[in-house]
Amino acid sequence: MARKTNINKGNADKWRLPPESLRKAANPKNWNGKSSDELKSIKRLIGQERAVESISFGLDVPSRGYNIFVSGRPGSGRTNYTLKRLRERAKNIPAPCDWVYVYNFDEPGEPLVMSLPAGHGKGLCEALDELINELKVTISKAFEQSQYEDAKAQYVKTFQEKAGAIMDELKAWSAEKGFSLKRTPQGFVNIPLIDAKDDDGKDVVREIQPEEFEALDDEKQKSYQAASEEVSQKTLVSLRNIRDMEKDLKEKLSKLEAEICRSAITPCLSEVREKYICPKGKGKKEESKEETENKNLSKWFDRMTDDVIENFGVFVTSVREDSAEVDFSRYTANLFVSNDPASGAPVVWETNPTYYNLSGKVEYESRQGYLYTDFRRIVAGAFHKANGGYLVLDADKVLMNFMSWEAVKRVLRTRESSIENLGEQYGAIPVSSLRPMPIPMNVKVVMVGTPYIYELLQYYDPEFHKIFKIKASFDFDMPRNKRAEQEMAAFVADVTREEKLLPFDTSAIAEVLEWASREADDQKLLSIEIGGIRELVVESHAWAKADKKEGALRVSQKHVQKAIEHKKYRSGLYQEKLQRALDTGLIRVDTEGEMVGQINGLSVIELSDSRFGHPSRITANVYMGQEGVINIEREVKMTGPIHNKGLMILSSYLGRKYAQDMPLSLSARLTFEQNYGGVEGDSASSTELYCLLSALSGLPLKQSIAVTGSVDQFGNVQPIGGVNEKIEGFFECCRRRRLTGEQGVVIPKQNVTHLMLNHEVLEAVKDGKFSIWAIETIDEGIEILTGVKAGKEKKNGSFTPSSVHFKVKARLRKLLENAAKLNKKLRKDSNDTSDETQDSGGGADEDE
């Protein structure tokens with residue numbers, strides 16, 4: 001058990017820190033002592049000059065590959081600023097063209113893409129829909145007019161007259177040859193004619209009967225057959241002439257129908273063509289940039305006109321039969337991307353960057369068990385929507401989605417976007433689908449991610465630097481000076497206006513600024529993680545509204561403190577359970593009295609949403625042996641490499657300090673008691689050294705004092721992290737038991753600038769109930785812990801009598817001497833035993 005003693009405060013006063021060193025208060029004069037409703041708005045991002053200049057430069061460079069990677073911690077304001085900056089810039093950039101997909105009359109599986117001036121795409125689609133209805137009526141009426149019927153009848157009549165004359169001539173000629181032409185389902189048949197008598201005895205010519213033909217002699221039959229062959233050849237020639245005339249008739253009729261159809265639909269089509277191929281207000285010089293696309297659209301209208309003429313019967317039938325089943329979609333357009341001319345260039349923030357959301361897709365419709373698609377089911381992706389503007393992506397999400405990063409690289413590398421379904425590439429069975437025409441891309445991509453993601457991409461992807469040549473690094477803190485405090489106060493004012501919150505008085509603004517310093521872990525810095533500051537402002541307003549005593553007129557310091565405390569409380573369940581174990585003694589930590597070889601170390605536990613400090617009991621035992629200093633955790637592989645390094649430095653310190661004139665001969669064991677989760681870091685190396693010096697010197701250490709700090713080989717105490725959490729953790733442990741005025745924490749002097757302790761610790765220090773000591777060397781720390789001078793080394797290698805180092809070296813010398821005496825005694829005993837064995841052996845020989 002630790003024995004109780006009174007601390008000699010006089011020895012430690014020179015290292016004790018005054019209350020004003022423990023927390024740097026904000027100076028309201030830096031913002032003229034005004035409340036938030038009196039402060040002017042700040043129109044720039046505070047503390048991020050490097051990032052702002054990098055983004056501006058990246059936006060100004062239009063060359064290929066100058067896309068931007070915005071690197072920073074979540075909550076630094078990186079995404080909000082990026083979007084705000086891009087939207088401001090995009091307003092001054094002309095809106096890019098619209099894109100529509102249309103039917104490819106020559107290759108239906110490869111839809112064509114057309115560009116139109118911004119805002120015209122929707123109008124074209126609507127105009128084409130109306131045009132179809134207009135064409136139905138116009139074409140139907142055109143073919144109902146008598147002019148068409150009369151012309152058609154005239155062509156048919158002429159054909160029939162000519163065909164009839166040819167057939168009459170053929171029949172007459174065949175009769176002269178003694179044959180009759182007879183039409184059958186199989187074609188024309190030549191039948192021989194013979195002279196005969198009718199019933200009245202008159203001479204007539206009739207067709208020969210089969211039996212009569214068979215009765216003829218062979219010479220006569222051969223004569224008829226030769227003549228029949230001649231008639232057949234003549235018949236074929238005549239029929240060929242009739243077919244040529246029929247083909248000519250069809251061509252004339254088609255030409256007639258085409259002329260009538262063209263003349264009927266030309267006025268309808270001309271209006272649409274003139275409106276969307278040559279928009280009004282465009283001179284010839286202005287049209288140069290759009291000439292290619294206008295030509296493509298003009299060609300498509302020409303091809304559409306030809307297709308309407310070829311299929312005019314479908315239009316006529318749909319009107320006459322009132323059929324809704326006829327599909328006229330090939331004459332419509334799919335509005336793929338539409339831009340508002342008044343809104344400037346697009347800024348697209350894709351929050352779910354899957355492959356299809358980025359690259360677009362072709363959708364399918366199920367019809368009676370079959371999948372069907374056409375050009376109307378081509379859907380735009382984020383790249384197409386951002387074309388001509390800016391696309392903002394979250395790097396983490398892009399990398400998490402299959403093939404998304406490859407899609408980003410392909411578009412930026414080729415500067416065009418092709419719509420392909422992944423099933424075609426990775427499906428077990430190749431699936432035939434549409435192959436939409438690629439769209440040329442002119443988009444600047446801004447990826448937002450952490451520094452870790454940036455380094456991974458830089459290291460593992462050789463193409464990354466080629467396509468993201470600009471890095472915009474968001475910092476997480478800025479120097480704390482008058483200007484910085486003024487800007488932070490203005491930012492608080494901006495948040496209250498944007499969120500329509502209660503105004504913050506001077507004390508509330510000061511508390512926010514001090515909290516920002518605490519988040520930066522430095523009195524000379526301010527955290528500029530905008531997300532956390534905004535949360536604090538909003539939550540402080542909520543506590544002010546809940547405070548009925550104040551009438552909810554302003555947010556004051558106590559409301560900000562309440563917001564800070566409650567946020568800590570919400571995420572402090574694990575901390576509370578650990579503290580409960582300390583209170584009940586389940587985890588043993590002494591906060592009063594003295595004890596040899598035992599000290600309170602400090603560590604920090606970091607969770608996803610909080611971090612806190614707590615004390616740990618470190619003990620040391622020293623005894624005779626040659627094993628040196630051994631850490632028990634290291635032996636069972638519960639320590640990390642940094643902690644192991646600290647332990648080896650500790651051993652080096654002992655050798656340098658005490659083994660210049662004699663070898664070290666000891667065995668020592670160090671351990672973190674009741675530690676079951678492992679140890680990493682060197683912030684306890686000085687603590688372990690104090691514990692070891694206590695065990696060697698026999699001087700007890702004050703259990704009311706906790707220690708943190710690393711040490712070098714020369715005994716200099718070095719800074720550590722989490723100093724505020726460590727101090728507050730030990731303070732809370734002492735407060736819940738009893739503050740005696742003797743308790744406190746020893747820290748490295750270099751960590752004084754990092755102190756931003758909470759108000760409760762500050763008040764306890766002011767009241768003399770708690771102390772903070774800042775030291776530079778092990779000698780200073782051991783004097784505070786033991787109340788005994790560390791001692792100075794003399795030229796002969798000895799130390800000041802009765803000092804800590806004197807006692808340690810005396811103990812080490814004693815251990816060495818005892819070891820030497822033991823070794824001498826063991827050798828003597830071994831020699832005596834050997835002599836006795838020899839004497840005993842010699843006597844046996846004589847007896848023999």
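In this predicted model, the crossing of helices α17 and α19 is right-handed. The two helices pack at an angle of about 60°, and their axes lie 10 Å apart. Because angles of 65 to 115 degrees count as roughly perpendicular and those under 35 degrees as roughly parallel, this packing makes α17 oblique to α19. Helix α17 spans residues 482-498 and brings Met488, Phe491, Val492, Val495, Thr496 and Glu498 to the contact, where Ile530, Ile533, Arg534 and Val537 of α19 meet them. By class, the contact of α17 with α19 holds 7 nonpolar residues, 1 polar residue and 2 charged residues.

A second helix pair is formed by α4 (residues 120-142) and α7 (residues 218-277), which pack at about 165° with axes 10 Å apart. Since angles over 145 degrees count as roughly antiparallel, α4 is roughly antiparallel to α7. The crossing of α4 and α7 is right-handed. On the α4 side, the contact is made by His120, Gly123, Leu124, Ala127, Leu131, Glu134, Leu135, Thr138, Ile139 and Ala142, while α7 supplies Ile260, Cys261, Ala264, Ile265, Cys268, Leu269, Val272 and Tyr276. The residues of the contact of α4 with α7 divide into 14 nonpolar, 3 polar and 1 charged.

Helices α18 and α20 make up a third pair, with axes that come within 7 Å and cross at roughly 35°. Here Ser507, Ala508, Glu511, Val512 and Trp515 of α18 meet Gln557, Val560, Gln561 and Ile564 of α20. This contact of α18 with α20 comprises 5 nonpolar, 3 polar and 1 charged residues.

Attention now turns to the largest pocket. Several of the helices described above return here: α18 (506-520), α19 (530-546) and α20 (557-570) each supply at least two residues of the lining of the largest pocket. So much is also true of α21 (573-583), β22 (611-623), α25 (723-737) and α26 (759-766), each of which supplies at least two lining residues. The pocket holds about 1600 Å³ of space and is lined by 47 residues. Which residues lie nearest the centre of the largest pocket? They are Arg518, Ile564, Lys567, Lys568 and Arg611. Ile564 thus appears twice in this account, as a residue of α20 that takes part in the contact with α18 and as a residue of the pocket lining. By class, the lining divides into 22 charged, 14 polar and 11 nonpolar residues.

Methods. Residues numbered from 1 in each chain as written. Predicted model: local features only at pLDDT ≥ 70, side-chain atom pairs only at ≥ 80, totals over all residues. Heavy atoms only, no water. 1 Å grid on protein atoms, 1.4 Å probe; cavity = no way out; pocket = protein on both sides within 12 Å on 5 of 7 lines; lining within 4 Å. Points joined across faces, edges and corners; volume = space filled by probe spheres on them. Helix = DSSP H or I, 4+ residues; strand = E, 2+ residues; numbered from the N terminus. Nonpolar A, V, L, I, M, F, W, Y, C, P; charged D, E, K, R; others polar. Axes fitted to C-alpha atoms, helices over the stretch in contact; angles between N-to-C directions. Left-handed = near helix turned anticlockwise from the far one by under 90°. Contact = heavy atoms within 4.5 Å.
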